[in-house]
Amino acid sequence: MDYQHTGLTQHGPSIAMTIAGFIALYFLCWLLAPGEGAARRELAHMLFWIPVSLMACWVPGIAVYQLWGSLQERCFGTTDYSFFFLYQSLAFTSVGTGVELCAVNKSRSMIIHHIAGIAILTVGLSTGILHFWACFMGMCEVTTIFLNIHYLQKSDSSIGKWLASNVPMLHVANGFLLWASFIVFRLLLFSVCLIGSAKDYFELPDDQRSLVFWGLFMFWIAAVVFLCLSAWWFIRIHVG
């Protein structure tokens with residue numbers, strides 16, 4: 001199999017345009033968010049993640065469906081959707097990291113999560129390999145949908161107060177969905193990523209294993225980091 005690195009240079013304009021788009025989206029959310037100062041920035045961050053998390057689930061889901069078919073497609077296949085997922089994920093993760101660093105109450109675990117994500121996304125774009133597994137892992141963002149609703153409900157914003165007063169059952173329903181989604185789309189998903197990608201590696205011909213080893217090695221490190229962080233977050237969610 002003739003395999004060549006794609007390199008990051010050719011993806012630069014697409015990445016830059018996608019980052020600019022997400023910065024514009026965050027600015028729009030900031031304009032729409034009521035309040036001032038840090039509270040306004042944090043509310044804008046929550047609003048920003050609502051459309052982003054929906055897109056971050058839909059796009060990789062299509063790519064996974066397209067690349068599921070064979071061992072070669074899972075290890076070396078790419079699609080327009082897989083590239084778009086890598087662009088958008090690198091963009092919103094970079095923007096999210098910047099916002100998190102500016103937050104009053106910085107979440108170190110979330111910053112670590114973002115950095116690990118940026119690393120594996122960079123591998124996918126610079127080498128052109130493992131798009132299937134990167135997209136499969138990316139479906140963990142399903143949990144972000146319910147997590148943002150949870151944070152929005154707990155916030156002191158006018159939106160949070162309105163939800164608490166007018167949709168009280170949303171807290172119970174969303175809490176259950178957040179708990180259940182963490183089991184399926186994080187604890188189980190990252191475990192499947194580790195086991196499935198390792199199985200694919202050992203099923204590859206010997207001459208192709210060297211092409212994916214270092215990329216898979218970084219992927220496994222990221223998956224372990226995500227799994228450990230998710231387990232820690234799940235304990236906190238379970239305890240309440």
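Is phenylalanine 132 buried or exposed? Phenylalanine 132 is buried, at a relative accessible area of 1%, where buried means under 20%, exposed over 50% and partly exposed in between (1.4 Å probe, protein chains only).

Before the close-ups, a word on the model. This is a predicted model, in which local features need pLDDT of at least 70 and side-chain atom pairs count only at pLDDT 80 or more, while totals for chains, interfaces and linings use all residues. Residues are numbered from 1 along each chain as its sequence is written, and side-chain values use heavy atoms, with hydrogens and water left out.

**View 1. Aromatic pairing of tryptophan 58 with tyrosine 81.** Rings of Phe, Tyr and Trp (its six-membered ring) pair if their centres lie within 6.5 Å; planes under 30 degrees apart count as stacked, over 60 as edge-to-face and the rest as tilted. The count by this rule is 19 aromatic pairs. Here tryptophan 58 and tyrosine 81 meet edge-to-face, with 6.2 Å centre to centre and 80 degrees between the planes. Tryptophan 58 sits in helix α2 (residues 37-67) and tyrosine 81 in helix α4 (residues 80-102), so the pair ties together parts 23 residues apart in sequence. Helices are DSSP runs (H or I, at least four residues), numbered from the N terminus. Tyrosine 81 is partly exposed, with a relative accessible area of 30%.

**View 2. Tryptophan 68 against phenylalanine 132.** The ring centres of this pair are 5.6 Å apart and the planes stand at 65 degrees, so the pair is edge-to-face. Phenylalanine 132 belongs to helix α6 (residues 131-138), and the pair ties together parts that are 64 residues apart in sequence.

**View 3. Helix α10 and its kink.** Take a stroll along α10 (residues 206-239): its 34 residues reach 47 Å from first C-alpha to last, close to the 50 Å expected at 1.5 Å a residue. That expected span is 1.5 Å times one less than the number of residues. A kink of about 45 degrees is centred on valine 212; the bend at a residue is the angle between axes fitted to the seven residues ending there and the seven starting there.

**View 4. An aromatic cluster.** Tyr201, Phe202, Phe213, Trp214, Phe217 and Trp220 come together as one cluster.

**View 5. Two residues of helix α1.** Phenylalanine 27 lies in helix α1 (residues 12-32) and is partly exposed at 48% relative accessibility. Glycine 21 is also found in α1, and is partly exposed at 40%. The C-alpha atoms of glycine 21 and threonine 127 are separated by 25 Å, with their positions 106 residues apart along the chain.
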